[in-house]
Amino acid sequence: MLVVLGSTRPPKLEAVARALSALSALAPELSRAEVVARDVGEAAPAMPLSLDALQEGARRRAARALELARAEGREAGLGVGLEGGLSVQGDGRAFLMSWAYVTDGRRGAWGCGGAIEVPARLARAVVDDGMELGQAADALAGEVDVRSRQGTWGVLTRGLLDRARSFELALLNALAPFFNPEAYR
């Protein structure tokens, strides 16, 4: 089986590898899948700021990944879209969330990797000042390019959870209807 991911970011690739490996006993065909990553460009918003934008970004990434694989003449079994960003509430609070969408081209399923409230100054930098979340997390952590490593998740949890783990959980949740179809009939 070919699984095509709508991103080339290392934490997202790691999340897919971890999730598929975790399924070795439940879904051997998934655990042995070939994974390819495709840059899907502008398929998703640069900085999602709502639950709807997060989910739509994940769905678009998965759909575009499948399109690209098929345009290459490769028959992908699953397209995977992973999207992270903020869900900003009416009271100004913001939650960092990771979402996954998986599709075989006929049906699709969502999964969330949890949510963590972000500090007000981080939310203001992103929402009010228009800063990318990765840049704001870099400033908060005093580091460079946390997005490609632990991500904002790692900064906020002092390494207890990282970006790849949040996407891994989201993906396992989204894959449930594919590896446990009896429960979803």
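Here is a walk through this predicted model, one selection at a time.

**Stop 1: the strands**

Start by selecting β3, residues 78-88. Of its 11 residues, 9 are buried, so the rest of the structure largely encloses this strand. Now add β1 (2-5). β1 and β3 run parallel and are joined by 3 bridges; to see one pairing, pick Val3 and its bridge partner in β3, Leu78.

Next, bring in β4, residues 94-103. β3 and β4 run antiparallel, with 10 bridges between them. Click on Leu86 and you'll find its bridge partner in β4, Leu96. Then follow the chain around the hairpin of β3 and β4, where 5 residues sit between the strands. Gly92 in this hairpin takes a positive phi near 95°.

**Stop 2: the cores**

Which residues have the most contacts inside the largest nonpolar core? Select Val80, Leu82, Val102 and Leu171: those are the ones, in a core of 23 residues. The elements giving two or more residues to this core are β1, α1 (10-22), β3, β4 and α7. The largest share, 7 residues, comes from α7.

Stay with Val102 for a moment and show what surrounds it. Setting aside neighbours within four places in sequence, its contacts include Leu78, Val80, Leu171, Ala174, Leu175 and Phe178. Apart from this core lies another, of 13 residues, and Ala94, Leu96, Ile116 and Val126 are among them.

**Stop 3: helix α4**

Val126 leads to helix α4, so select residues 120-127 and color Leu122, Ala123, Ala125 and Val126, which are buried. Look down the axis of the helix: the buried residues fall within an arc of 160°, so they line one face of α4. What do they pack against? Show β3, β4, α5 (133-141) and α6 (151-156), and you have the elements involved.

**Stop 4: Ser98**

Go back to strand β4 and pick Ser98. Is Ser98 buried or exposed? With a relative accessibility of 2%, Ser98 counts as buried. Its side chain makes a polar contact with the side chain of Ser166, at 2.8 Å. Beyond its neighbours within four places in sequence, Ser98 is also in contact with residues including Glu83, Gly113, Trp153, Phe167 and Ala170.

**Stop 5: Arg163**

Now jump to helix α7 (residues 163-179) and select Arg163. You might want to check how enclosed this arginine is: at 12% relative accessibility, Arg163 counts as buried. Display Pro10 as well; 153 residues separate Pro10 and Arg163 in sequence, and their C-alpha atoms are 10.0 Å apart. Leaving out residues up to four places away in sequence, Arg163 touches Arg9, Pro11, Lys12, Arg147, Arg149, Gln150, Gly151 and Trp153.

**Stop 6: two loop residues with positive phi**

Most residues other than glycine have a negative phi. Two residues to check against that background come next.

Select Asp145 in the loop between α5 and α6. Its phi is positive, near 60°, and Asp145 is partly exposed, with a relative accessible area of 36%.

Then move on to Arg158, in the loop between α6 and α7. Arg158 has a positive phi of about 55°, although it isn't a glycine. Where Arg163 is buried, Arg158 is exposed, with a relative accessible area of 81%.

How values were computed
Residues are numbered from 1 along each chain as its sequence is written. This is a predicted model: local features need pLDDT of at least 70, side-chain atom pairs count only at pLDDT 80 or more; totals for chains, interfaces and linings use all residues. Side-chain values use heavy atoms; hydrogens and water are left out. Buried means under 20% relative accessible area, exposed over 50%, partly exposed in between (1.4 Å probe, protein chains only). Helices (H or I, at least four residues) and strands (E, at least two) are DSSP runs, numbered from the N terminus. The arc is that of the directions from the helix axis to the C-beta atoms. Contact means heavy atoms within 4.5 Å. A polar contact is a pair of N or O atoms within 3.5 Å; within protein, one must be able to donate a hydrogen and the other to accept it, and residues adjacent in sequence count only if both atoms are side-chain atoms. A nonpolar core is a set of buried Ala, Val, Leu, Ile, Met, Phe, Trp, Tyr and Cys residues joined through side-chain atoms within 4.5 Å. Two strands pair if DSSP finds at least two bridges between them.
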